[in-house]
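Below are a few numbered remarks for a colleague, set out so that they can be followed alongside the sequence and the coordinates.

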Amino acid sequence: MMAVIALVACSSLITSCKKDETPQITIVTKTDSLSVNFSSSKPFAFFNFKNGVVVANADSASTKWDFGLRFTTFILNSNAYGPGNAGAIFQNTLYSAVTEAPTTGYAYDTSSAQKAIKDGSWYNYNPTTRSFSPKAGQTFFFRTADNFYVKMELLAVDYAAFVGMQPDKLIYRFRYTYQANGSTKF
Amino acid sequence: MKTRYILFIFLLTSFASVAQLDTTSKSLQQVVITATRTVKSIGDVPLPITVITEKQLQNLGLQKLTDVLQTQAGLQLSNNILGQSLQGYPNPFGSGIQLQGLDAAYTLILMDGMPMTGRNAGVLNLDRINVNNIKQIEIIKGPAASLYGADALAGVINIITKASTANTLNAQVHYATNNTTGVNVSSSIQHKKISTQLFLSRFSTNGYDLDKTIYGKTSDPSENYTATIKNDYKISSTLLFKNQLRYYTQKQFNNYLVDVAQQPQIVKGTSIEKDWGVHNELIKTLNKLSKLTAKVYLTGYANNAKVYVQKNNSLFDNTFLQQLFLKNELLYERTKNNNTFLTGAGVDYETINSSRYANKKELSNIYGFAQQEFSHKKYNLVAGIRLDKHSLFNAQLNPRLAASYKINSKLQLNASIGRGFKAPDFRQQFLFFTNSIVGYTLFGVNELSNGLQQLKQQGQLEANININPFLNIPNLLAETSVGINAEVKWNFLNNIKITTGFFRNDITNLIERYNLPFTKTNGQAIFSYQNINNVFTQGAVFSLQAIVQKKITINVGYQYLQAIDKNVVTQIKNKQIVKRDPVTFVSSYTTKSEYGGLFNRSKHTATTQVTFQLPQAYILNTRLIYNGKSGYADINGNAILDDEREYTNAYFLAGLTISKNFNKGIQLQAGADNLLAHMDILRLPHLNGRNYFFTANFNINKLFKHSQIQ
């Protein structure tokens, strides 16, 4: 799996692989994937942008994670779900054209039914192929739990290989740029 | 490119045989009823019409109506999925026929002039209709709402069943691949003032399995029975009573794997489908010019799928749909100097209930219509209008104007314009459904208010969510269309008929599913329906019919089709649609030239059929159907068709039937379908490789006579 991710990262993000042409070391740009429960009752998978890692469920009450995902539901580390200051904006913009994140207007999950990223808003479901396809041309802006800015694009949501009737996991693939110096510029 | 070449060769050979025609034979003028609801010679009909006769049906020897219809140009089988942009579902209940690029739900299906009921997700399973009891199939293209009301938007398919003509007794035995067997008996009795036509049939198949790695068959075994009786009783010289009863039942034996508490379990059960009708008509001849007809028609449809977990025999799923439809109609017809005036009025009453609805629904419709035909030597004009007021949606006024002009004995021009409408379908209005596995909820528009209040009471919505804006949503509007058709008919050398036609349908208020702006407490979405889209379909149809030395009949047809979502075109222009390549993940704007229109439609379709009358009473029928590539599914994240990888491949379906008539009243037939054995398990699951069939037809009267003489 990691080999695939690395390959994707290099083929799709040529700029990020040519390290000598990337002067701003404060920016982390990568393509990552996340294995997520295909269930709306099982635990969330938590992700941390700064280190690009999955955070253990035991740390769900900490500020170690920025967003959580299960099935097609995003939660943020703030307000209803965590002690952090995470927020999100979901925009119809080409990811590659974005050079700056908004400074205001970040939404929180005010309750389990009123989330910053509305379920069903970011994908097209095809009943024929049963696929959840992230809508093209959309960019997520995140403010992390500890107030750094990120732009993110969902690339694909695939079913993990499975035996039996239905899969347990969805594999989310996404690319993001994390601005480590705290500014909104990418 | 290769497929185009094959097509070209096929067309070329057809033309080559046309070149050797003799010019003496003249085909008899067929009589049709569907275009104007008055008996009309086919040459006088100013609308695009296709007729399939009993003789053609016999020569084809096909047992499925969808297979028969597919042999005609411009009638395309839509494979399981309804058009995606029309927000279809996968349809497990049978395939429908696409007309002028519009889904099966947009064509009205009539049996002997009366609407059939029982559509699943908008599609009426045509294979409920037994081909062996059909006298003639009439297909009118373009809106016909001015005569028939709802759903006659893309057109009308009228199945005319056999009527009693003489005292006869016929029987048929059929055997085909997958242990498919059919037996039917038909009898015609003429006794004094009464004539009766009786038809009985049993049909069964083992089904087939395309993927052995998945438990259960792709198509389950089934058996069905049909019984129809049609009576005509001449009460007096001016009064005729017609009565017709039909009953159809099918049992399908289901056996598949499901997931119960994360464990795969075998479930077994049956799906039972029933369809019946009672049709009474009283026809009173008022005088030499006019007559009055009263019709009472009651029809019902029911399906019920019930499956049990094999291990403990507990009920796993029970879904049903029950529909009842009553039509009362009065018609007045007056013909003077070849000019016919027709007027009528009626009331429809309907009930529907389903396991996915909250309760039983009652609906009604009141309508009236009038039509005037003007016929002269050179021209034919039909003007009609109909008003429908349905209990659930806005009143619909549908006019139609059609004209034909004979330039000379060989050349005729037809043109027509009409308005049509489609009633919002039942699920769009009444669905009350929560997916038990995932947990999302779907509400039909009429259930939205109740449903949201119920969710709130049950605590499935947070207290601070404002549902008020969704409590008084107006009913869905009917989807409406304006259709234009034009044709040039050319009788070339007497026995070659060439027709070139153009069509365009503009449809507004298409209904689509949308997300409510809040979710349930389980994080799952709530969906309902809205009038959103505007689409158009347009294209050209070419057909050629030639008879060579009375022995060879050639039919060639071709359709070019464009089906475009107007909203998508605007969005592309405004740079609002982005595609993301599924391999490179590079995103860019979709361009106008990349947009391929609605999914599940072939731009190019063609059919050819050649029937040879061979020596010693042999008849050979060969047929070839070409379906050009069509959109299958989105792969680049914008839900529209704009990438070469989103298309299925083009394919050919070939078939042949050979019949031999013995003069003792026996006809034997053998044939094969899908000769090229084209298969695509995923996209075309209705194709299960090459199929062979054998049929024996017995005319028992003749058989009996022969044995008496000997």
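1. In this predicted model, 4 strands of chain A make up an open sheet whose order is β3-β2-β4-β5, with antiparallel pairing. At its edges stand β3 (53-55) and β5 (73-76) of chain A, and because each has a single partner strand, one side of each is left without a neighbour in the sheet. From one strand to the next, the twist of this sheet averages 35°.

2. Within that sheet, strand β2 (residues 45-48) of chain A pairs with β3(A) in the antiparallel sense over 3 bridges. For checking the register, A:F46 may serve as a reference, as a residue that stands opposite A:V55 in β3(A).

3. Chain A also has an open sheet of 5 strands, arranged in the order β1-β11-β10-β9-β6 and again with antiparallel pairing. Here the edge strands are β1 (27-37) and β6 (87-91) of chain A, each of which pairs on one side only, and the twist averages 25° from one strand to the next.

4. Strand β1(A) is joined by 11 bridges to strand β11 (residues 169-179) of chain A, and these two strands run antiparallel. In this pairing, A:T31 stands opposite A:R175 in β11(A).

5. Turning to the contact between the chains, 30 residues come from chain A and 35 residues from chain B. On the side of chain B that touches chain A, at least two residues are supplied by each of β14 (239-260), β26 (496-519) and β29 (578-580) of chain B. The residues of that side comprise 17 nonpolar, 12 polar and 6 charged.

Conventions:
Residues numbered from 1 in each chain as written. Chains lettered and ligands numbered in written order. Predicted model: local features only at pLDDT ≥ 70, side-chain atom pairs only at ≥ 80, totals over all residues. Contact = placed C-beta atoms within 7 Å. Nonpolar A, V, L, I, M, F, W, Y, C, P; charged D, E, K, R; others polar. Pairing = 2+ DSSP bridges. Axes fitted to C-alpha atoms, helices over the stretch in contact; angles between N-to-C directions.
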